[in-house]
Amino acid sequence: MAVPVCSRCKFTLTDFLWWSTRLSLGLDHPKTFAVIEYRQFKNSDPPHILRMWNECQLGRSAAIGLRCDEFDELIIAQTYFDPAGMILACQDGEVVGFSHAGFGPNADRSALGNDDGVICAVMVHPRARRQGIGTELVRRAEQYLRSRGSSKIFAGGADPRDPFYCGIYGGSQSAGFLMSDVAAEPFFTKLGYAACEQHLVFQRSLGVGSADPVGARLVNVRRTTRLTALNHDPKTWWWQTRYGRLDAMHLALVPRTGGTPLARISVVGLDRYVTTWGTRGIGLLGLYVSEANRQKGYGQALLVEVCRRVRDDMVQLAEAHAPKSDPAAIAVLESAGFKQIDAGQVYRLKG
Ligand SMILES: CC(C)(COP(=O)(O)OP(=O)(O)OC[C@H]1O[C@@H](n2cnc3c(N)ncnc32)[C@H](O)[C@@H]1OP(=O)(O)O)[C@@H](O)C(=O)NCCC(=O)NCCS
């Protein structure tokens with residue numbers, strides 16, 4: 001029977017003899033057994049983090065090939081970025097993994113609310129996986145969050161608990177960890193987390209051959225309304241500090257005869273995903289139809305109209321998300337020709 005000599009990694013005596021023979025014959029690099037150093041973020045780290053990010057084989061919802069200045073602008077330049085919340089795993093001085101933790105906002109979204117701690121990212125270089133590095137990065141992130149007062153710990157950022165990575169992970173908005181990143185679910189489950197929210201990711205191709213939905217109601221709404229840019233759309237500090245860093249525009253459907261908006265939406269540029277998606281996309285978020293005007297086709301008409309307009313700017317893809325628990329949001333996206341292509345999950349540490 002194989003008796004483990006290490007209870008954590010189940011390394012047996014046979015494994016030990018096999019590895020020592022391979023090493024003595026020079027078949028493996030001794031780095032396999034190098035000590036991992038864990039430390040907090042240093043100013044010189046972004047190029048190394050980005051190299052690792054690009055090599056981590058992330059799924060369709062991660063922007064690849066980012067420049068350091070983009071990473072700085074979206075992550076490091078956040079006023080609440082705390083070097084102690086970003087933990088790096090280094091092997092022989094080389095970054096092989098990192099985790100990043102932060103906090104959700106307070107009730108009026110004017111400052112951080114440390115009660116809700118979020119692990120926004122954890123990744124380990126493919127050649128360093130399944131050695132417990134990811135586990136250690138998560139445990140250290142949890143310690144950091146507790147030390148700053150978090151009583152609830154989530155993994156995967158989703159609005160409003162998404163302090164970092166808007167615009168470079170998740171697509172049009174943060175949606176937890178995406179199912180297309182297949183290791184995330186078994187990994188967090190193993191670490192004692194349970195899924196607590198699901199966000200559905202919808203896309204609509206706007207390229208050649210994609211047709212707009214048609215119908216008498218749409219024609220009627222189009223005849224009586226027009227699309228306009230909102231010059232003043234006050235957003236909270238929390239919104240501005242994340243989406244305000246992307247190219248954002250606020251649009252509304254207003255009656256042709258004048259009056260207040262019937263429906264409104266924000267549009268963000270997703271050019272950072274061009275390398276991953278192979279096409280230019282926009283994100284649609286915060287679709288809101290005033291209560292008295294619901295179920296009259298204004299939400300659908302606004303989505304269709306925005307997609308029609310952005311096509312003229314060579315945009316070939318639109319993405320929007322909806323919580324799985326919101327059937328109205330799902331239905332309006334489907335009515336405007338969007339199809340579900342992925343889903344994201346937020347996990348919460350049990351106990
Ligand atoms: C998820 C990730 C961080 C795990 O890092 P890791 O260092 O390999 O994780 P660990 O070695 O600590 O794994 C702990 C346990 O998690 C589970 N686990 C980890 N990766 C797994 C996978 N690919 N499939 C199934 N279970 C997995 C296993 O139960 C594992 O224990 P075991 O090795 O004893 O079976 C790593 O796979 C990764 O970087 N993936 C790409 C990035 C990513 O998707 N991050 C989440 C979104 S940002």
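This passage walks through the domains, one helix pair, the ligand shell and a few unusual backbone spots in a predicted model.

Start with the overall layout. The domain assignment splits the protein chain in two, with domain 1 covering 4-199 and domain 2 covering 203-349. Going by C-alpha atoms, the centres of domain 1 and domain 2 sit 31 Å apart. Where the two meet, 46 residues of domain 1 make contact with 30 residues of domain 2. On the domain 1 side, at least two residues each come from α3 (68-76), β7 (152-155), β8 (177-178), α5 (184-190) and β9 (193-205). Strand β9 chips in the most, with seven residues. Sorted by class, this side of domain 1 holds 22 nonpolar, 15 polar and nine charged residues.

Next, a helix pair. Two packed helices are described by the angle between their axes and the distance between the axes. For α6 (residues 216-224) and α9 (residues 298-311), the angle is about 75° and the axes are 10 Å apart. Since 65 to 115 degrees counts as roughly perpendicular, α6 and α9 are therefore roughly perpendicular to each other. Helix α6 brings L218, V221 and R222 to the contact, while α9 answers with Y298, Q300, A301 and V304. That makes five nonpolar, one polar and one charged residues by class.

As for the ligand, 20 residues surround it, and R129, G134, T135, D181 and P186 come nearest. Elements giving two or more residues to this shell are β6 (112-124), α4 (133-147) and α5. Helix α5 thus turns up here as well as on the side of domain 1 that touches domain 2. The shell breaks down into 12 nonpolar, four polar and four charged residues.

That leaves the backbone oddities. Most residues other than glycine have a negative phi, and most peptide bonds are trans. The bond joining D159 and P160, however, is cis, with omega at about 0°. P160 belongs to the loop between β7 and β8, and Y165 is found in the loop between β7 and β8 too. Y165 isn't a glycine, yet its phi is positive at about 80°. Because 20 other C-beta atoms lie within 10 Å, Y165 is buried. Q57, another non-glycine residue, has a positive phi near 55°. Its place is the loop between α2 (46-55) and α3. Q57 has 13 C-beta neighbours inside 10 Å, so this residue counts as partly exposed.

Key. Residues are numbered from 1 along each chain as its sequence is written. This is a predicted model: local features need pLDDT of at least 70, side-chain atom pairs count only at pLDDT 80 or more; totals for chains, interfaces and linings use all residues. Domain bounds come from an automatic or database domain assignment. Two residues are in contact if their C-beta atoms, placed from the backbone, lie within 7 Å. Helices (H or I, at least four residues) and strands (E, at least two) are DSSP runs, numbered from the N terminus. Ala, Val, Leu, Ile, Met, Phe, Trp, Tyr, Cys and Pro count as nonpolar, Asp, Glu, Lys and Arg as charged, and the others, Gly among them, as polar. Axes are lines fitted to C-alpha atoms, for helices over the stretch in contact, and angles run from 0 to 180 degrees between N-to-C directions. Angles under 35 degrees count as roughly parallel, over 145 as roughly antiparallel, 65 to 115 as roughly perpendicular and the rest as oblique. A residue is near a molecule or strand if its C-beta atom, placed from the backbone, lies within 6 Å of it. A residue is buried if 20 or more other C-beta atoms lie within 10 Å of its own, exposed if 12 or fewer, and partly exposed in between; C-beta atoms are placed from the backbone.
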